[in-house]
Amino acid sequence: MPAYRSPAEAEIRDPVVARLRELMPAARIIHEIQSACQGPTRIDVLAVTPDRIAAVEIKSSRDKLDRLPAQLEAMQRCAHHPIVALHAKHFEVTETPWAGTWVSAPKASGYGVVWGFDLPQAHGA
């Protein structure tokens, strides 16, 4: 296992890379790259093609979300597709007797694309 990732991060990073390869099969995948877009932030995974860039910030079960808004803002400045990949612990799950299970992304993820992992089956899914 590479030194930069914990087992908790690997359980999200591996499916993220697999999904990026599905969506952008010709892309080059780059791990852990420094972003010069805004301050000292690092992007966890980039998928790069000649005409577009997808940047992914990974938040595992061991992470907090306090830096996520700044990380997302930095990704929005340098990528066409900023994506936040979150472990299920970061979502709010609401069980209702009349409408089933609803899963809500945390406010810290802003209005970026959010991928959730290990989430319960949700309403409309």
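Let's start with Ile 33, which is in contact (heavy atoms within 4.5 Å) with Thr 41, Arg 42, Ile 43 and Leu 46, leaving aside neighbours within four places in sequence. This is a predicted model, where local features need pLDDT of at least 70, side-chain atom pairs count only at pLDDT 80 or more, and totals for chains, interfaces and linings use all residues. Residues are numbered from 1 along each chain as its sequence is written, and side-chain values use heavy atoms, with hydrogens and water left out.

**Ile 33**
- Ile 33 sits in strand 1 (residues 28–35); strands (E, at least two residues) and helices (H or I, at least four) are DSSP runs, numbered from the N terminus.
- Ile 33 counts as partly exposed because its relative accessibility is 30%, between buried (under 20% relative accessible area) and exposed (over 50%), using a 1.4 Å probe and protein chains only.
- Between the C-alpha atoms of Ile 33 and Ile 43 there are 5.4 Å, although 10 residues separate them along the chain.

**The nonpolar cores**
- The largest nonpolar core (buried Ala, Val, Leu, Ile, Met, Phe, Trp, Tyr and Cys residues joined through side-chain atoms within 4.5 Å) has 14 residues, of which Leu 20, Val 45, Ala 47 and Val 56 touch the most other members.
- Helix 1 (7–23), strand 2 (41–48), strand 3 (53–59) and strand 4 (81–87) each supply at least two residues of this core, and helix 1 gives the largest share, 4 residues.
- Apart from this core lies another, of 11 residues, including Leu 65 and Met 75.

**Ala 85**
- Ala 85, in strand 4, is buried, since its relative accessible area is 0%.
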